[in-house]
Amino acid sequence: MKPNGIAFSSVPHGISGLDRSAEHTWALFCDWCAATDRPSLLAAPSTLAEFLADHPASVATQRRRVAAVNAAHRARGMTEPGRSVSIRLALAEHRRERLAEIRGSAASIIDSIPSTGWPYGLFGRRDALILTLVSAGLTYREISVLRRGDVEVAGLDLVVSGLYRVTPNMLGSRGESGPVTVYRRWAQIQSMLDRFASISVLREFLDPDRSPPTSAFSVVTAQQAGEPLVVRIDRWGYTPWMPEPLTAQSLSAVTRAHLTGRPAAHRPRVLWTENDTDGDVLYDEEPRHSSVVLDNAYYEHGIQARRNAHIRLADLDDRFDDINDRVDELLHSLVDILDKHNEPEGDDG
């Protein structure tokens with residue numbers, strides 16, 4: 001029996017690599033879990049939160065306890081419960097206050113961000129998801145490394161990386177600004193980009209007069225699950241062929257712009273006409289539909305054509321090398337002929 005009245009189990013907890021202080025904390029945590037009939041491995045974030053509440057201490061001490069529990073889970077290759085938003089906010093008063101300020105205005109801002117129209121809806125759907133994740137307590141660094149496969153829908157909540165549960169009451173949001181609705185809007189865009197690498201298709205999809213799609217989004221494949229969740233978009237509305245995530249600095253700038261009421265003004269796509277000799281440009285405010293009608297499989301046909309061209313031209317370098325070799329042979333033959341022609345004639349006697 002220890003002086004503070006807590007009895008420690010004599011059963012070894014089997015975690016190697018912990019220092020003496022961390023071993024003491026881990027033993028305390030395991031015994032508390034056993035007494036409250038909760039698993040210590042894998043411990044839920046709520047279990048760790050209750051443990052900290054039952055053992056009041058200074059913020060520095062609580063941080064060391066969280067680090068010890070995280071280290072024990074990390075040594076076993078398990079998810080660290082101390083990485084959850086609720087635990088981190090409990091140990092960071094300044095960040096908790098800042099997050100409360102963001103949440104106070106996030107829902108109304110998300111409601112005002114356009115989700116239709118070109119290119120406003122494209123940027124709006126992405127930025128709304130950024131604000132939702134920031135309001136849930138994720139850092140810019142954590143958002144920048146999120147992949148499409150890291151997000152799951154659980155009823156009205158989003159579960160991110162298996163650690164963060166984003167609920168509607170975090171933002172005081174419901175319906176159109178709820179986390180699931182915001183996420184699915186952006187997932188629709190990414191699903192469209194998976195199938196059609198075309199600005200015109202996206203523009204038609206975001207047309208406010210267009211009827212709502214019959215399906216939310218297609219199933220994300222294993223390869224697509226590894227792609228960035230929040231990607232870079234250039235001013236023309238294009239995303240890179242190989243999706244590139246927004247950096248933490250860019251995420252911070254986007255968030256700050258919306259919170260201060262100065263979001264970027266995304267103009268419609270600029271079109272150059274044949275008569276633009278003086279550098280003037282024409283903003284195509286109204287959708288213009290071509291008289292050419294493409295079937296639904298035009299994108300797949302284009303990919304197949306590029307694949308066939310790649311196969312047919314695969315030996316093009318070898319052909320050019322063969323031509324160069326033949327040119328060299330002809331040049332050598334020509335030099336030999338010229339040398340023989342220029343040889344001096346021998347003396348006759």
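Start at His258: this residue is buried, with a relative accessible area of 11%. Buried here means under 20% relative accessible area, exposed over 50%, and partly exposed in between, with a 1.4 Å probe and protein chains only. The model is predicted: local features need pLDDT of at least 70, side-chain atom pairs count only at pLDDT 80 or more, and totals for chains, interfaces and linings use all residues. Residues are numbered from 1 along each chain as its sequence is written, and side-chain values use heavy atoms, with hydrogens and water left out.

Stay on His258. The residue sits in helix 12. Helices (H or I, at least four residues) and strands (E, at least two) are DSSP runs, numbered from the N terminus. Show the neighbours of His258: Ile109, Ile113, Asp127, Leu131 and Pro263, leaving aside residues up to four places away in sequence. Contact means heavy atoms within 4.5 Å.

Step to Asp127 next. Asp127 is buried at a relative accessible area of 6%. Its salt-bridge partner is Arg126, with the closest N and O atoms 3.1 Å apart. A salt bridge is a side-chain nitrogen of Lys or Arg within 4 Å of a carboxyl oxygen of Asp or Glu. Arg126 also counts as buried, at 5% relative accessibility.

Zoom out for the whole chain. Colour by secondary structure and you get 14 helices and 5 strands. Of the 349 residues, 36% are buried.

Now select the largest nonpolar core, which has 47 residues; Leu122, Trp186 and Leu229 have the most contacts inside it. Such a core is a set of buried Ala, Val, Leu, Ile, Met, Phe, Trp, Tyr and Cys residues joined through side-chain atoms within 4.5 Å. Elements giving two or more residues to this core include helix 5 (93–112), helix 9 (179–195) and strand 2 (157–160). Helix 6 gives the most, with 8 residues.

Centre on Leu229. Its contacts include Leu129, Leu133, Arg148, Tyr183 and Trp186.

Move on to Arg148. This residue is buried, with a relative accessible area of 6%. The side chains of Arg148 and Glu227 meet in a salt bridge (3.0 Å, N to O). Arg148 lies in the loop between helix 7 (140–144) and strand 1 (151–154), and Glu227 in the loop between helix 11 (222–225) and helix 12, so the pair ties together parts 79 residues apart in sequence. Add Asp194: salt bridges that share partners join Arg148, Asp194 and Glu227 into one network.

Go to Trp32 and Phe51. Both are buried. They form an edge-to-face aromatic pair, 5.7 Å centre to centre with 70 degrees between the planes. Rings of Phe, Tyr and Trp (its six-membered ring) pair if their centres lie within 6.5 Å; planes under 30 degrees apart count as stacked, over 60 as edge-to-face and the rest as tilted. Trp32 is in helix 1 (residues 20–35) and Phe51 in helix 2 (residues 45–54). Add Trp26 and Phe29 to see the ring cluster with Trp32 and Phe51.

Look beside this for Arg38 and Glu50 in the sequence panel. Their side chains meet in a salt bridge (2.7 Å, N to O). Arg38 is partly exposed at 29% relative accessibility, and Glu50 at 33%.

Finish on the surface, at Val327 in helix 14 (residues 316–341). Val327 is partly exposed, with a relative accessible area of 40%.
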